[in-house]
Amino acid sequence: MLIPSFVLCVLDPLAYHSSLLDDPLLWGFKGFPSLDANLARWVLAAEDICFKNSVLTYFFRLGKCIPITRGAGIYQEYMNEALQCLNNGAWLHTFPEGKVSQEDAPIRRLKWGTASLIVRAHVTPIVLPMVHSGFEEVMPEKFFLDRRPPFPLCNKKIKIMIGQPLEFDIPKLTELAISKSSGDVFSSTTTSRGWPVISFFGLDLDEAAQRYLYSSISEEIQSAMEELRSSLK
């Protein structure tokens, strides 16, 4: 099965989530360019899994994991921490589908959190899509009695493919989002989530414009990841 993964950073970015071991094992491949902890990735991690108690919190925080609260939205406090990492020039790894998927199926619609980080970063990050397969065999979700194995399974073949970098013209996309969302059905038929008005390049984006902007960016990333996933078949 093929899993897309994508890393987000000022020089790097994006990934597909096939097991709870994708990260950090993904970065253990032979020839990885750096063992310097200061250059290691930051990664968004589910608060309800990786930060359930003080011991786990300490462990995963040492591993440069940023907790994300499911359902708390793209403007939650922890997303501001991830944004600060990008603003400091760090490498941020995200799983834009927002959940583990071990099905050999097309990539689902991406969550808008990654797109919001791309838009709000002081320097627009370069997005590097990645696809990997095999981790679902290392830690299958339904190994025995619909439960994961107690330990990772060995002697499994892992494939990793890195796509071409994606760069986004945020000023141009912002103007397009404002134009397209003004009086559009996109804005009038969607329930408001109470997002704040944000400003970029002297332009104010209301919630409708933000939705259009984040959706456009997410669709381009999803398309790149799906093309990469298909090429591994």
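Contact here means heavy atoms within 4.5 Å. With that in hand, here is a short tour of this predicted model, one close-up at a time.

**View 1. The whole chain, before zooming in.** The protein chain holds nine helices and nine strands. Of its 233 residues, 45% are buried. Looking at contacts between residues at least 6 apart in sequence, 70% join residues at least 24 apart. Keep that in mind when partners in the later views carry distant residue numbers.

**View 2. The largest nonpolar core, with its 23 residues.** If you would like a few side chains to display, those with the most contacts inside this core are Ile118, Val119, Phe168, Leu213, Tyr214, Ile217 and Ile221. Two or more residues each come from α5 (113-120), α7 (170-181), β8 (198-200) and α9 (207-231). Helix α9 gives the largest share, seven residues. A second core, separate from this one, has twelve residues, including Leu44, Ile66, Ile68 and Leu117. As general background, nonpolar side chains in soluble globular proteins tend to be buried together.

**View 3. Helix α5, largely enclosed by the rest of the structure.** How many of the eight residues of α5 are buried? Eight of the eight are, so the helix is largely enclosed by its surroundings in the structure. The buried residues are Gly113, Thr114, Ala115, Ser116, Leu117, Ile118, Val119 and Arg120. Notice that Arg120 and Thr114 are on this list along with Leu117 and Ile118.

**View 4. Where α5 packs against α9.** Two packed helices are described by the angle between their axes and the distance between the axes. Here the angle is about 110°, and the axes of α5 and α9 are 8 Å apart. That makes α5 roughly perpendicular to α9, because angles of 65 to 115 degrees count as such. On the α5 side, Ala115, Ser116, Ile118 and Val119 take part, and they meet Leu213, Tyr214, Ile217, Ser218 and Ile221 of α9. Sorted by class, this contact has seven nonpolar residues, two polar ones and no charged ones.

**View 5. Ser223 on helix α9.** Is Ser223 buried or partly exposed? Ser223 is partly exposed, with a relative accessible area of 45%. Its C-alpha atom is separated by 8.6 Å from that of Ile107, although the two residues are 116 apart along the chain.

**View 6. Phe51 and Phe60, a tilted ring pair.** A pair of aromatic rings is described by the distance of the centres and the angle of the planes. The model has five aromatic pairs. In the pair shown, the ring centres of Phe51 and Phe60 are 6.2 Å apart and the planes stand at 50°, so the pair is tilted. Phe51 is buried, at a relative accessible area of 11%, whereas Phe60 is partly exposed, at 21%.

**View 7. Trp112 and Trp195, an edge-to-face pair.** The centres of these two rings are 6.2 Å apart and their planes meet at 70°, so the pair is edge-to-face. Distant parts of the chain are linked here: Trp112 sits in the loop between β5 (91-94) and α5, and Trp195 in the loop between α8 (185-188) and β8, 83 residues apart. Trp112 is buried, with a relative accessible area of 15%, and Trp195 is buried too, with 13%. Tyr75, Trp112, Trp195 and Tyr214 form one aromatic cluster. Tyr214 may look familiar, as it also belongs to the largest nonpolar core.

How values were computed: Residues numbered from 1 in each chain as written. Predicted model: local features only at pLDDT ≥ 70, side-chain atom pairs only at ≥ 80, totals over all residues. Heavy atoms only, no water. Core = buried A, V, L, I, M, F, W, Y, C linked by side-chain atoms within 4.5 Å. Buried < 20%, exposed > 50% of the residue type's maximum accessible area, 1.4 Å probe, protein only. Helix = DSSP H or I, 4+ residues; strand = E, 2+ residues; numbered from the N terminus. Axes fitted to C-alpha atoms, helices over the stretch in contact; angles between N-to-C directions. Parallel < 35°, antiparallel > 145°, perpendicular 65-115°, else oblique. Nonpolar A, V, L, I, M, F, W, Y, C, P; charged D, E, K, R; others polar. Phe/Tyr/Trp six-rings, centres within 6.5 Å; stacked < 30°, edge-to-face > 60°.
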